[in-house]
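Here are a few exercises to work through with the model open in your viewer. Try each task before reading the solution under it.

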Amino acid sequence: MALAHAGSRVVGDAIEGNLDCARHLAVLVDASADFELLALVELSIFCFRYLPPNARAGSRSQADEEELDRLNERIMVALQQAGSSYLSNATINGRFALRGCVLNYRTTRHDMEILLDDVRRAAEQAIEQTR
């Protein structure tokens with residue numbers, strides 16, 4: 001239906017725009033000190049997690065990894081409740097990942113920046129609630 005209505009070029013451009021947004025998020029995550037990409041971005045799907053300051057340097061124990069899993073799950077729930085951004089989850093190599101998928105042709109690179117800011121706010125909230 002979409003192909004018949006809009007044409008293959010318009011649909012293709014929309015798909016490429018979604019892929020570009022997901023790739024842009026991966027670049028932002030790689031350039032940040034507070035996020036970690038958990039899987040390559042090959043489609044419009046991205047999987048990453050938040051890293052608090054104490055988890056950024058060096059190796060982490062199994063207990064540390066489990067605490068990161070729990071923190072990121074709390075972040076996901078806080079995001080879903082806030083309603084500004086929506087992420088689901090996936091398990092990547094046994095770790096809890098925040099999972100997003102760009103499907104709307106109106107999504108922009110700036111929306112990816114907003115998403116990361118929303119995750120940071122949710123992380124602050126989740127960390128504060130455990131204190």
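## Exercise 1: A glutamate and its partner

Glu65 counts as buried, at 13% relative accessibility. Keep in mind that this is a predicted model.

**Task.** Find where Glu65 lies, and work out which side chain it makes a polar contact with.

**Solution.**
- Step 1. Start with the burial: the cut-off for buried is under 20% relative accessible area, so Glu65 with its 13% makes the grade.
- Step 2. Place the residue: Glu65 lies in helix α3, which spans residues 62-82.
- Step 3. List what Glu65 touches, skipping residues up to four places away in sequence: you get Arg49, Arg60 and Arg95.
- Step 4. Look for a polar contact: the side chains of Glu65 and Arg49 are joined by one of 2.9 Å.

## Exercise 2: The arginine on the other side

**Task.** Go over to Arg49 and decide whether Arg49 is buried or exposed. Then find the side chains with which Arg49 makes polar contacts.

**Solution.**
- Step 1. Arg49 sits in strand β2, residues 45-50.
- Step 2. The relative accessible area of Arg49 is 2%, so this arginine is buried.
- Step 3. Now the polar contacts. The side chain of Arg49 meets that of Glu36 at 2.6 Å, and the side chain of Glu65 at 2.9 Å.
- Step 4. Widen the search to everything Arg49 touches, again leaving out residues up to four places away in sequence. The list includes Asp34, Phe35, Leu38, Leu68, Asp69, Asn72, Phe96 and Leu98. Arg60 and Arg95 are on it too, and Glu65 also touches both of those arginines.

## Exercise 3: Cysteines without a bond

**Task.** Count the disulfides in the structure, then explain why Cys21 is not bonded to the closest cysteine sulfur.

**Solution.**
- Step 1. The count is quick: there are 0 disulfides.
- Step 2. Check Cys21. The closest cysteine sulfur belongs to Cys101 and is 11 Å from the sulfur of Cys21, so it's too far for a bond. For scale, a disulfide needs the two sulfur atoms within 2.5 Å.
- Step 3. Turn to Cys101. This cysteine is in no disulfide either, and its nearest cysteine sulfur, in Cys47, is 9.5 Å away.
- Step 4. Add the surroundings: Cys21 is buried, at 3% relative accessibility, whereas Cys101 is partly exposed, with a relative accessible area of 32%.

## Exercise 4: Two pockets

**Task.** Describe the largest pocket by its volume and its lining, then do likewise for the second largest.

**Solution.**
- Step 1. The largest pocket holds about 280 Å³ of space.
- Step 2. Its lining has 16 residues, and those nearest the centre are Phe46, Tyr86, Cys101, Met112 and Leu115. You've just met Cys101 as a partly exposed cysteine.
- Step 3. Sort that lining by element: β4 (95-101) and α4 (109-129) are the ones that give two or more residues. Helix α4 gives the most, with 4 residues.
- Step 4. Sort the lining of the largest pocket by class: 8 nonpolar, 6 polar and 2 charged.
- Step 5. Move on to the second largest pocket, with about 220 Å³ of space. Here 13 residues form the lining, with Pro52, Asn54, Ala55, Glu67 and Leu68 closest to the centre.
- Step 6. Helix α3 supplies the largest share of this second lining, 5 residues. By class, the second lining has 6 nonpolar, 3 polar and 4 charged residues.

## Exercise 5: From one alanine to the whole chain

**Task.** Locate Ala26 and its contacts, then zoom out and read off the order of the elements.

**Solution.**
- Step 1. Ala26 is in helix α2, residues 8-31, and is buried, with a relative accessible area of 9%.
- Step 2. Setting aside neighbours within four places in sequence, Ala26 is in contact with Leu37 and Val41.
- Step 3. Zoom out: the chain has 4 helices and 4 strands, in the order α-α-β-β-α-β-β-α from the N terminus.
- Step 4. Buried residues account for 38% of the chain's 131 residues.
- Step 5. Take the contacts between residues at least 6 apart in sequence: 55% of them join residues at least 24 apart.
- Step 6. Finish with the box that the C-alpha atoms fill, roughly 55 × 30 × 25 Å along the principal axes.

Terms used: Residues numbered from 1 in each chain as written. Predicted model: local features only at pLDDT ≥ 70, side-chain atom pairs only at ≥ 80, totals over all residues. Heavy atoms only, no water. Buried < 20%, exposed > 50% of the residue type's maximum accessible area, 1.4 Å probe, protein only. Contact = heavy atoms within 4.5 Å. Polar contact = N/O pair within 3.5 Å; in protein donor to acceptor, adjacent residues only side chain to side chain. 1 Å grid on protein atoms, 1.4 Å probe; cavity = no way out; pocket = protein on both sides within 12 Å on 5 of 7 lines; lining within 4 Å. Points joined across faces, edges and corners; volume = space filled by probe spheres on them. Nonpolar A, V, L, I, M, F, W, Y, C, P; charged D, E, K, R; others polar.
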